[in-house]
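User: I am new to this structure and would like the terms explained as we go. Please set each value against its definition.

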Amino acid sequence: MRLKKLFAHWDAGKKRWYATNRKYYYKFRNWIPGEIVVTDFIGIIQGVVTCWKCGRQTHVSSPTITALNTIDIEDGGTITDFSGFDVYSFPWETASVIMPQQFVEYGRRTRSIKRVFSKTEGHAYLGNVCEHCTSLQGNFFSLR
């Protein structure tokens, strides 16, 4: 199969092929880890919660993607098609696997994001910590 016929583009500097036409992403699924491809518009959503340990207000954040800029490479749908949401938010630990490393490093430098051990989970993971006492705030919290 000729990659150029599928609208793939060779980046000589990075020495990689890139699929450039959403219509043909599914043909590249053997080389793409996972089922979802993020095509654009990643971001960080931020909120404030009360720390469970010290009781002070602390910022928490989560990586997000705009659902319309995702593709399910199996059927061509978007996250909106199967979740019903326009914006998809996920844990920092997941971001460390699927997002560009520079994005995760930005989150760690500018937010209270650290790799810490969770007694509840029984392992260390990348997550939100309190700005004041550095206790893990977890991945699932209600923002006010």
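The questions below deal with cysteines, a sheet and a pocket.

Analyst: This is a predicted model, in which local features need pLDDT of at least 70 and side-chain atom pairs count only at pLDDT 80 or more, while totals for chains, interfaces and linings use all residues. Residues are numbered from 1 along each chain as its sequence is written, and side-chain values use heavy atoms, with hydrogens and water left out.

User: Why is Cys54 not bonded to Cys130?

Analyst: A disulfide is a pair of cysteine sulfur atoms within 2.5 Å. The sulfur of Cys130 is the closest one to that of Cys54, but at 3.7 Å it is too far for a bond. The structure holds 0 disulfides. Cys51 is in none either, as its nearest cysteine sulfur, in Cys133, is 3.7 Å away.

User: Is Cys51 called buried or exposed, and why?

Analyst: Buried means under 20% relative accessible area, exposed over 50%, and partly exposed in between (1.4 Å probe, protein chains only). Cys51 has 3% relative accessibility, so Cys51 is buried. Cys54 has a relative accessible area of 32%, and therefore counts as partly exposed.

User: What makes β8 and β10 edge strands?

Analyst: Strands are DSSP runs of E with at least two residues, numbered from the N terminus, and two of them pair if DSSP finds at least two bridges between them. The open sheet has 3 strands in the order β8-β9-β10, with antiparallel pairing. β8 and β10 each pair on one side only. Between β9 and β10 there are 2 bridges, so this pair meets the requirement of at least two.

How values were computed. Helix = DSSP H or I, 4+ residues; strand = E, 2+ residues; numbered from the N terminus.
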